[in-house]
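Q: Could you zoom in on one helix for me and then follow its packing partners outward into the rest of the fold? I'd like the cut-offs spelled out as you go.

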Amino acid sequence: MAIGSGLGAQLGIAAETTYGTYVAPSKFIEFTKESLVLKKTTAQSAGIAAGRLLALSSRRVLTRKEASGSIDFEVTNKSMGLLLQALMGTTVTPEQQGAGPAYLQTHTLADTAGKSLTIQKGVPLTTGVVTRKNFLGCKVISGEFSCEVGGMLTGSYEIDGKDVEETSALAAASYANMAPYHFGQMAVKTGAFGAETALDGIRKMSCKVERPQEVERFYAGQAGLKKEPISNDQVKISGSLESDYVATTLDDLHTTDAATSLVWEFVGPTIDATYKETFRITLPAIRLDEGPPVVDGFGVVKPTFSYVGLYDGTNQPKIEYITTDVTL
């Protein structure tokens, strides 16, 4: 029997083979909050009947269903692969590094067609009985990562789903021995692609990847459910760098509107030989939109530079993840 509060909740995920078809959860992620809900559209008959003062309950119909919401979590050294694949789009097979237990996942930006998840949410009653809600056909609409002084690397995903069902059994949650990435492991680098050097003075960093999709694909013959969303705009990558004004590197890039490659990485303990736990975002070309330094008092000048990620014509953005996970 679970605890009858949020302490007894669970969130399991699995990659779907067919959009909207349930797959039992294979990974359980530790989340900080979620807002996944069923969204339904109903219609009520307005027919006039002599003397009837109230609409008939039997004449209300459910015309369509979908799901949406968000998931917030700490980025950890294990079990992130399915979430990263759903965001970035590339079908990833972990590659063993050397002969030891380190495996590299390279999530390169690609179309997300066919990349949907089943997300099972376990919600406890006060009695300790855990109810289940299975969210089917979950597509990642956006993913944002952030870390600041003294904090952990966190992620927030916006989700669009096809349907919710409550018949498939609640899976027994099991968790890997995970550790979160944090500010003490963080480095930010800029420069020529492949030869970036570390920036000094960075206090906070964020990166958001938006995957615009047509989520209104409701057609006749689909029982009020949507077909898989299709990409309907270019990917949008943006973020910010909050810093102390220790050098003019970012300021100069803002002034000239020059492009630079940006690497944001977290490097943890050694897994084996030279391979360390790693979470790394590489954006081959960014340009700074805002953030020239201003003096607003006696303290250290602290400009915040906003940026957009663009295509350099050759290299795609990617997220590299080195972990002991043999599979996603």
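A: Let's start on the outside of helix 2: the face turned away from its buried side carries Thr 255 and Thr 256, both exposed. Here, exposed means over 50% relative accessible area, buried means under 20%, and partly exposed is in between, with a 1.4 Å probe and protein chains only. Helices (H or I, at least four residues) and strands (E, at least two) are DSSP runs numbered from the N terminus.

Keep in mind that this is a predicted model: local features need pLDDT of at least 70 and side-chain atom pairs count only at pLDDT 80 or more, while totals for chains, interfaces and linings use all residues. Residues are numbered from 1 along each chain as its sequence is written, and side-chain values use heavy atoms, with hydrogens and water left out.

Now flip to the inside of that helix. Helix 2 spans residues 249-256, and its buried residues are Leu 250, Asp 251, Leu 253 and His 254. Seen down the helix axis, these fall within an arc of 160 degrees (taken from the directions from the axis to the C-beta atoms), so they line one face of helix 2. The background is simple: an α-helix has 3.6 residues a turn, so residues three or four places apart point the same way.

What does that buried side sit against? The buried residues of helix 2 pack against strand 14 (202-210), strand 17, strand 18 (260-272), strand 19 and strand 20. Contact here means heavy atoms within 4.5 Å.

Just past the helix comes Asp 257, with a positive phi near 60 degrees. That's a residue other than glycine with a positive value. Asp 257 sits in the loop between helix 2 and strand 18, and it is partly exposed because its relative accessible area is 38%. Go on to the loop between strand 18 and strand 19 and you reach Ala 273. Its phi is positive too, near 50 degrees, and again this is not a glycine. Ala 273 counts as exposed because its relative accessible area is 61%.

Two of the packing partners lead to open space: strand 17 (236-243) and strand 20 (304-310) are the elements that give two or more residues to the lining of the largest pocket. On a 1 Å grid over the protein atoms alone, a pocket is an open set of points with protein on both sides within 12 Å along at least five of seven lines; a cavity is a set where a 1.4 Å probe fits but cannot get out, and lining residues have an atom within 4 Å of a point. The pocket holds about 230 Å³, where a volume is the space filled by probe spheres set on the points, joined across faces, edges and corners. Its lining includes Leu 109, Ile 237, Leu 310, Gln 316 and Pro 317. By type, the lining splits into 6 nonpolar, 3 polar and 2 charged residues; Ala, Val, Leu, Ile, Met, Phe, Trp, Tyr, Cys and Pro count as nonpolar, Asp, Glu, Lys and Arg as charged, and the others, Gly among them, as polar.

Strand 19 takes you to enclosed space instead. A search of the whole structure turns up 1 cavity of 30 Å³ or more, and the largest one has a volume of about 40 Å³. Strand 19 (275-290) and strand 21 (318-323) each supply at least two lining residues, with strand 19 giving the most, at 3. Among the residues around the cavity are Met 88, Leu 109, Ile 237, Ile 281, Leu 283 and Pro 317. The lining comes to 8 nonpolar, 1 polar and 1 charged.

Met 88 brings in the other helix, since it is one of the buried residues of helix 1. In helix 1, 8 of the 8 residues are buried, and Gly 89 follows with a positive phi near 105 degrees. Met 88 is in contact with Thr 108, as are Thr 90, Gln 316, Pro 317 and Lys 318. Thr 108 belongs to strand 7 (residues 103-108) and is partly exposed because its relative accessibility is 24%.

Last, the core. The largest nonpolar core (buried Ala, Val, Leu, Ile, Met, Phe, Trp, Tyr and Cys joined through side-chain atoms within 4.5 Å) has 53 residues, and Ile 119, Phe 145, Trp 264 and Phe 279 have the most contacts inside it. Helix 1 (residues 81-88) gives the most to this core, with 6 residues.
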